[in-house]
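Okay, thanks for making time, everyone. I'd like to walk you through one structure today, so let me put it on the screen.

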Amino acid sequence: MIFIGCHLSISDGYEAMGKTMTQLGGSTFAFFTRNPRGGKAKPIRPDDAAALRTYHKQHSFGPLVAHAPYTMNLCSENSSVREYAEECFSQDIQKMELFPGNSLVKEWMHDD
């Protein structure tokens, strides 16, 4: 089966993303776990996460893809950058535990 979707904003919550994708005719979506340029993440509301899990099942969605922020660099020489990355990674893994069977990805970018 092929699942089609796009990247959606998390600003209105998790269930809202599912409903938006249904309106767009898709069957999956991607979202950032926090601001892609860094910063703190909005606290996740467990009721909103549960509502998306239910909606996900009711509408036969494919796996979701959560993107870690671009600024997350676990391999940095700078210890404060690594500490921030470890904090982000830990928080994002905990967040994704609310969405079993889905993926967390990190796009690695480097300067040449």
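Let's start with a quick one: is Asn102 buried or exposed? Asn102 is buried, with a relative accessible area of 19%; the cut-off for calling a residue buried is under 20%. Before I go further, please keep in mind that this is a predicted model.

So where are we in the chain? Asn102 sits in the loop between α3 and β4, the strand at 103-105. Have a look at what its side chain is doing. The side chain of Asn102 gets to the backbone oxygen of Phe99 at 3.0 Å. A polar atom of that Asn102 side chain also lies 3.2 Å from the backbone oxygen of Pro100. And if you skip the neighbours within four places in sequence, Asn102 is in contact with His56, Gly62, Pro63, Leu64 and Met96.

Gly62 turns up again for another loop residue, Ser27. You'll find Ser27 in the loop between α1 and β2, and at 16% relative accessibility Ser27 counts as buried too. Again leaving out neighbours within four places, the contacts of Ser27 are Ile2, Phe3, Ile4, Met21, Phe61 and Gly62.

Met21 brings us to α1, residues 14-24. Which residues of α1 are buried? They are Tyr14, Met17, Gly18 and Met21. These residues cover an arc of only 100 degrees around the axis, so they end up on the same side of α1. If you want the textbook reason for that kind of pattern, an α-helix has 3.6 residues a turn, so residues three or four places apart point the same way. As for what they pack against, the buried residues of α1 meet β1 (5-7), β2 (28-32), α2 and α3 (79-96). Oh, and just after α1 there's Gly25, with a positive phi of about 90 degrees.

Now, α1 against α2, which is residues 46-58. The two axes come within 7 Å and cross at roughly 30 degrees. With angles under 35 degrees counting as roughly parallel, α1 and α2 are therefore roughly parallel to each other. On the α1 side the contact is made by Tyr14, Glu15, Gly18, Lys19 and Thr22, and on the α2 side by Asp48, Ala51, Leu52 and Tyr55. Sort the residues of that contact by type and you get four nonpolar, two polar and three charged. Notice that Tyr14 and Gly18 are in this contact and are also among the buried residues of α1.

That's my tour, thanks.

Note on methods
Residues are numbered from 1 along each chain as its sequence is written. This is a predicted model: local features need pLDDT of at least 70, side-chain atom pairs count only at pLDDT 80 or more; totals for chains, interfaces and linings use all residues. Side-chain values use heavy atoms; hydrogens and water are left out. Axes are lines fitted to C-alpha atoms, for helices over the stretch in contact, and angles run from 0 to 180 degrees between N-to-C directions. Helices (H or I, at least four residues) and strands (E, at least two) are DSSP runs, numbered from the N terminus. Angles under 35 degrees count as roughly parallel, over 145 as roughly antiparallel, 65 to 115 as roughly perpendicular and the rest as oblique. Contact means heavy atoms within 4.5 Å. Ala, Val, Leu, Ile, Met, Phe, Trp, Tyr, Cys and Pro count as nonpolar, Asp, Glu, Lys and Arg as charged, and the others, Gly among them, as polar. Buried means under 20% relative accessible area, exposed over 50%, partly exposed in between (1.4 Å probe, protein chains only). The arc is that of the directions from the helix axis to the C-beta atoms. A polar contact is a pair of N or O atoms within 3.5 Å; within protein, one must be able to donate a hydrogen and the other to accept it, and residues adjacent in sequence count only if both atoms are side-chain atoms.
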